[in-house]
Amino acid sequence: MALRLKILKQLPKFLTEFPEVCKQDKKEELEIDPALLWTENDQLDIEYVKEITWAEPGEAAGFEMLRTYLLERLQYYGTSSYDPSKKHQSFLSPWIHFGQISTQRIALEVVKLKNLWKEQCERFLNEAIIRKEISDNFCLYNPNYDNFEGAEQWAKSSLDLHRTDKRNFIYTPEQFEKALTHDPIWNSAQIQLVTEGKLHGYMRMYWCKKMLEWTESPEKAIEIGLYLNDKYSIDGSDPNGFVGVMWSVCGVHDQGFKERPVFGKIRFMVDYSISKKYDLKTYCSRYRPTANSEEKTGFEKKTVDELSENELKDQSKESDKLKDHEEINKKKPAKRNNTKKEGGVQSGRKKRKV
Ligand SMILES: Cc1cc2nc3c(=O)[nH]c(=O)nc-3n(C[C@H](O)[C@H](O)[C@H](O)COP(=O)(O)OP(=O)(O)OC[C@H]3O[C@@H](n4cnc5c(N)ncnc54)[C@H](O)[C@@H]3O)c2cc1C
């Protein structure tokens, strides 16, 4: 919270127009050692994932996404933008991540619309500036930003107490990767991640928290969460991603909740409660496994309608309360490599070992 206030105080100084670019007189000569140049024969340890077509690389495409966001979707920010079946987020993270559009430019344009949609603009600026700065700050100053040791003591102690709790399901990284869990909602999220290279913000939380529930330890959950996020997400390998996974698995920038098995005091999320709030039928039908993928991987063909009572029953107070990070903010402050290719963005990154 203290950091949030500090950031807000700095906005008048930093949320300003960019200065004019000046011509540089001084010429620097670069000395390049030819032996260090990359050639086609060099082998990179990169596993490429499927190219995505909805996001064109480059500054112009980033500005076009910003333009459509301001005109068509900003008005829904903080309401239906939380619904995974609606495409009401800004979708700007790929361009922000690759430095093709700056948060400063986006924020300056959003501020201009405050008279029209005050609350929506404030919510957006809160995510785009405050949460992003808090994530950058965490990764800059915490050497354990991507592992269990980076969590706060209350969270570590609580998760430690529940290490030996019985898990109802334990999946291997491969089962997660191929969307082979018993939960059709989780599988749909994984299918969205793999096919679109970006998961809806709300589903990101659910997706990652379930990995804590269905792996043998929080360490494993962080490892698999980061592996899948960074491999398939076009905006992956980003401070927001490290903090997103750490928030989901070990309560970074969150508070403690009622103690329960496996999760300890970490905030819990259940399919039942998100199915009640949002149109997950549409979401799951959009990201159903294809006939082919079922043959190959054994994807279950269950929809939300087909879920059993038991599967739908497990309710939790904190999950019901969880609207989005917006709620968290009120309480407490928290690769794809982009290779230009015709018609889309190709991604690939060094494989993390899981
Ligand atoms: C498990 C998990 C993994 C995540 N992985 C990533 C990741 O790899 N890369 C990434 O950029 N974000 C990540 N996030 C944070 C957030 O979900 C995304 O920033 C957001 O969904 C990006 O889509 P958007 O630009 O359409 O979002 P919008 O909701 O339109 O937000 C606009 C911008 O605000 C910032 N922002 C929004 N939510 C957050 C947040 N919770 N924390 C920090 N900044 C935020 C981002 O810069 C985002 O582009 C992750 C969250 C979780 C829970």
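Where in the chain is the place of A179? In this predicted model, A179 sits in the loop between α7 (173-177) and α8 (184-196), and its backbone is one of the points taken up below, together with the shell around the ligand, helix α11 and two helix pairs. The protein has 17 helices and three strands, and of its 354 residues 40% count as buried.

**The shell around the ligand**

- The ligand is surrounded by 28 residues, and the closest of them are S90, G201, N240, G241 and G244.
- Four helices, namely α3 (93-97), α5 (118-141), α9 (201-213) and α11 (239-250), each supply at least two residues of this shell.
- Among the contributors to the shell, α11 gives the most, with six residues.
- Divided by class, the shell around the ligand holds 14 polar residues, eight nonpolar residues and six charged residues.

**Helix α11**

- Because a rise of 1.5 Å a residue leads one to expect a span of 16 Å for the twelve residues of α11, the separation of 16 Å between its end C-alpha atoms agrees with the expected value.
- Eleven of the twelve residues of α11 are buried, so this helix is largely enclosed by the rest of the structure.
- The buried residues of α11 are N240, G241, F242, V243, G244, V245, M246, W247, S248, V249 and C250, and N240, G241 and G244 are also among the residues closest to the ligand.
- The partners against which the buried residues of α11 pack are α5, α6 (153-161), α9 and α10 (218-232), and of these α5 and α9 also supply residues to the shell around the ligand.
- After α11 comes G251, which has a positive phi, near 65 degrees.

**Packing of α1 with α5**

- Helix α1 (residues 2-14) packs with α5 at an angle of about 115 degrees, the two axes being 10 Å apart, and the crossing in which α1 passes α5 is right-handed.
- On the side of α1 the contact is made by L3, R4 and I7, while α5 brings I129, I130, E133, I134 and N137.
- By class, the residues of the contact of α1 with α5 comprise five nonpolar, one polar and two charged.

**Packing of α8 with α9**

- The axes of α8 and α9 cross at roughly 115 degrees and come within 10 Å, and here α8 passes α9 in a left-handed crossing.
- In this pair, W186, A189, Q190 and Q192 of α8 meet M203, Y206, W207 and K210 of α9.
- The contact of α8 with α9 divides by class into five nonpolar residues, two polar residues and one charged residue.

**Residues other than glycine with positive phi**

- F91 is not a glycine, yet its phi is positive, at about 65 degrees, and its position is in the loop between α2 (59-73) and α3.
- Buried, exposed or partly exposed: which of these describes F91? With 17 other C-beta atoms within 10 Å, F91 is partly exposed.
- A179, likewise a residue other than glycine, has a positive phi, near 55 degrees.
- A179 counts as buried because it has 24 C-beta neighbours inside 10 Å, where 20 or more are required for that class.

Key: Residues are numbered from 1 along each chain as its sequence is written. This is a predicted model: local features need pLDDT of at least 70, side-chain atom pairs count only at pLDDT 80 or more; totals for chains, interfaces and linings use all residues. A residue is near a molecule or strand if its C-beta atom, placed from the backbone, lies within 6 Å of it. Ala, Val, Leu, Ile, Met, Phe, Trp, Tyr, Cys and Pro count as nonpolar, Asp, Glu, Lys and Arg as charged, and the others, Gly among them, as polar. The expected span of a helix is 1.5 Å times one less than its number of residues. Two residues are in contact if their C-beta atoms, placed from the backbone, lie within 7 Å. Axes are lines fitted to C-alpha atoms, for helices over the stretch in contact, and angles run from 0 to 180 degrees between N-to-C directions. A crossing is left-handed if the near helix is turned anticlockwise from the far one by less than a right angle, and right-handed if clockwise.
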